[in-house]
Amino acid sequence: MGLNPTVGHFASIVVLLVAFVFLLAALAGAEAEVAWSTFSGNGVDGSLGLTRAVSSGNGIDVAVEYDSNRCEDAFRVGNDDNDICTICKDSGGAVISFLVFAWIAIFIALAFIVMTLRGDVVPKIGVYFTLAVTEFCFFICWVSWAGGCHMETDDSAPDGTDVNLGAGWALTFMNFILFIPAVMLIQYFTDDDAIEAPPQQPGVGISSEQPMANVNQGGHVNQPPPLPKQAQV
């Protein structure tokens, strides 16, 4: 026995809306308002966003765009050059693109579920497909960042500097590992066959009690012939 369709679909909508809020928070990391990675040490604290890094130390606040000319100087450790700017630029661009794709896929999944809740015929394969696309987008996001910008920054950081994954990455990972799979499970156990068909209006159609033999080819009901009148005396 599956879940009641009203309960199942409303639960799916609520979970998807939570995932959508997490997605928006992760997108706020484009300008480092929500950090995707953080670093601290040697008197400097900062965060890495999807398009820029911000840091503060010794009373100085610095914001550097990955595609700016100042980026390489800002991330140079001693006399050693690194590829942090290029890698973070590529990682951030990929994350933003796939977060936007996930945003679109979530809206489509929500539309499909609402249509099903209203009684419209929507194949579940359509819901599963959009959720699978969303999962794939979130997977690309957290893998691209963790294996790209974050790893390069951690490898190039000077001794005494701690580099950790930030809230933006964590929110995206939670969407991937928890919320979207939860919607898939809820949809799997939701019994859409329990949705009652709308009642038929009276007078529409042919009663099942009407013998089929009295229906002609035009769909009209043949009336029985009139009884003969009694002879007058």
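These are my notebook entries on the cysteines, one backbone outlier, the main pocket and one helix of a predicted model.

**Entry 1: disulfides**

I searched the whole structure for disulfides and found two. I then looked at each pair in turn.

The pair Cys71 and Cys85 is bonded, with an S to S distance of 2.0 Å. I read the torsion about this S-S bond as about -105°, so the disulfide is left-handed. Cys71 sits in helix H2 (residues 71-75) and Cys85 in helix H3 (residues 84-117), so the bond ties together parts that are 14 residues apart in sequence. I checked accessibility for both: Cys71 is buried, and Cys85 is buried too.

The other bond joins Cys88 to Cys149, at 1.9 Å from S to S. Here the torsion about the S-S bond is about 75°, so I noted the disulfide as right-handed. This pair connects distant parts of the chain, with Cys88 in helix H3 and Cys149 in helix H4 (residues 124-156), 61 residues apart. Cys88 has 0% relative accessibility and counts as buried. For Cys149 the relative accessible area is also 0%, and that residue is buried.

Counting bonded cysteines along the chain, I get the pattern 1-2, 3-4.

**Entry 2: cysteines without a partner**

Which cysteine sulfur is closest to that of Cys137? The closest is in Cys141, at 6.8 Å, and that is too far for a bond, because a disulfide needs the two sulfur atoms within 2.5 Å. Cys137 has 3% relative accessibility, so I logged Cys137 as buried. Looked at from the other side, Cys141 is in no disulfide, and the nearest cysteine sulfur is that of Cys137. I found Cys141 buried as well, at 1% relative accessibility.

**Entry 3: a positive phi**

I noted Ala32 for its backbone: phi is positive, about 70°, although the residue is not a glycine. Ala32 is placed in the loop between helix H1 (5-27) and strand S1 (37-41). Is this residue, Ala32, buried or exposed? Its relative accessible area is 10%, so Ala32 is buried, the cut-off being under 20%.

**Entry 4: the largest pocket**

I took the volume of the largest pocket as about 530 Å³. The lining has 24 residues, and those nearest the centre are Phe39, Val44, Ser55, Ala74 and Phe75.

Which elements supply at least two residues each to this lining? I listed S1, strand S3 (52-57), strand S4 (60-65), H2 and H4. S3 gives the most, with five residues. By class, I recorded 14 nonpolar, nine polar and one charged residue in the lining.

H2 and H4 came up earlier: H2 holds Cys71, and H4 holds Cys149.

**Entry 5: helix H5**

I looked at the length of helix H5 (residues 167-189), which has 23 residues. From the first C-alpha to the last, H5 reaches 32 Å, close to the 33 Å expected at 1.5 Å a residue.

Where is the kink in H5 centred? I located the kink at Asn175, with an angle of about 40°.

I then listed the buried residues of H5 and found that Asn175 is among them. Before Asn175 in the helix, the buried residues are Gly168, Trp169, Leu171 and Thr172. After Asn175 come Phe176, Phe179, Ile180, Val183, Ile186 and Gln187. As background for reading such a list, an α-helix has 3.6 residues a turn, so residues three or four places apart point the same way.

Methods: Residues numbered from 1 in each chain as written. Predicted model: local features only at pLDDT ≥ 70, side-chain atom pairs only at ≥ 80, totals over all residues. Heavy atoms only, no water. Helix = DSSP H or I, 4+ residues; strand = E, 2+ residues; numbered from the N terminus. Buried < 20%, exposed > 50% of the residue type's maximum accessible area, 1.4 Å probe, protein only. 1 Å grid on protein atoms, 1.4 Å probe; cavity = no way out; pocket = protein on both sides within 12 Å on 5 of 7 lines; lining within 4 Å. Points joined across faces, edges and corners; volume = space filled by probe spheres on them. Nonpolar A, V, L, I, M, F, W, Y, C, P; charged D, E, K, R; others polar. Expected span 1.5 Å × (residues − 1). Bend = angle between axes of the 7 residues up to and from the residue.
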